[in-house]
Amino acid sequence: TIYFMSLQLKGNWNQIKGQLKQKYAQLTDDDLKFTEGQEDEILGLLQEKTGEKIENLRQMIFEEDSQNS
């Protein structure tokens, strides 16, 4: 299991959804329902649907807040 400490969406979720749907035509609106706190679930579902690596998907969707040292 991968745990993400502090993830912020890269911009507006509706914009991100549009970009994902353009890149992966097989994704539906239901696939892209996102609730804060369910980062692992959305990444797992997207990996299953697209075959993309979770790491790549995470970089596409989220900004990692690694400056909280």
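Let's start with a pair in helix H3: Arg58 and Glu55 are three residues apart there, so about one helical turn separates them. Their side chains meet in a salt bridge, at 2.8 Å from N to O. Please keep in mind that this is a predicted model.

Now, is each partner buried or exposed? Arg58 is buried, with a relative accessible area of 9%, whereas Glu55 is partly exposed at 37%. As a general point, side chains of opposite charge can pair when their charged atoms come close.

Arg58 has company in H3, which runs over residues 54–61: Ile54, Leu57 and Ile61 are buried there too. Why do these four belong together? They cover an arc of only 100° around the axis, so they sit on the same side of H3.

How many salt bridges does a search of the whole structure find? The count is four, and I'd like to show you two others besides the H3 pair. Asp29 and Lys21 join through their side chains, with 2.6 Å from N to O. Asp29 is partly exposed, at a relative accessible area of 46%, and Lys21 is also partly exposed, at 31%. Then there is Lys33 with Asp30, where the closest N and O atoms are 3.2 Å apart. Both Lys33 and Asp30 are exposed.

On to the nonpolar side of things. The largest nonpolar core has 14 residues, and those touching the most other members are Trp13, Leu20, Ile42, Leu43, Leu46 and Ile61. Which helices supply at least two residues each? They are H1 (13–23), H2 (39–50) and H3.

If you have the structure open, click on Trp13. Setting aside neighbours within four places in sequence, Trp13 is in contact with Leu20, Leu32, Phe34, Ile42 and Ile61. Of these contacts, Leu20, Ile42 and Ile61 are also on that list of core residues touching the most other members.

My last stop is Thr50, in helix H2. Thr50 is buried, with a relative accessible area of 18%; the cut-off for buried is under 20%. Where does the side chain of Thr50 reach? It comes to the backbone oxygen of Leu46, at 2.7 Å, and Leu46 is one of the core residues I listed a moment ago. Not counting residues up to four places away in sequence, Thr50 touches Tyr24, Gln26, Leu27 and Leu57. Leu57 brings us back to H3, where it is among the buried residues.

How values were computed
Residues numbered from 1 in each chain as written. Predicted model: local features only at pLDDT ≥ 70, side-chain atom pairs only at ≥ 80, totals over all residues. Heavy atoms only, no water. Buried < 20%, exposed > 50% of the residue type's maximum accessible area, 1.4 Å probe, protein only. Arc of directions from axis to C-beta. Core = buried A, V, L, I, M, F, W, Y, C linked by side-chain atoms within 4.5 Å. Contact = heavy atoms within 4.5 Å. Polar contact = N/O pair within 3.5 Å; in protein donor to acceptor, adjacent residues only side chain to side chain.
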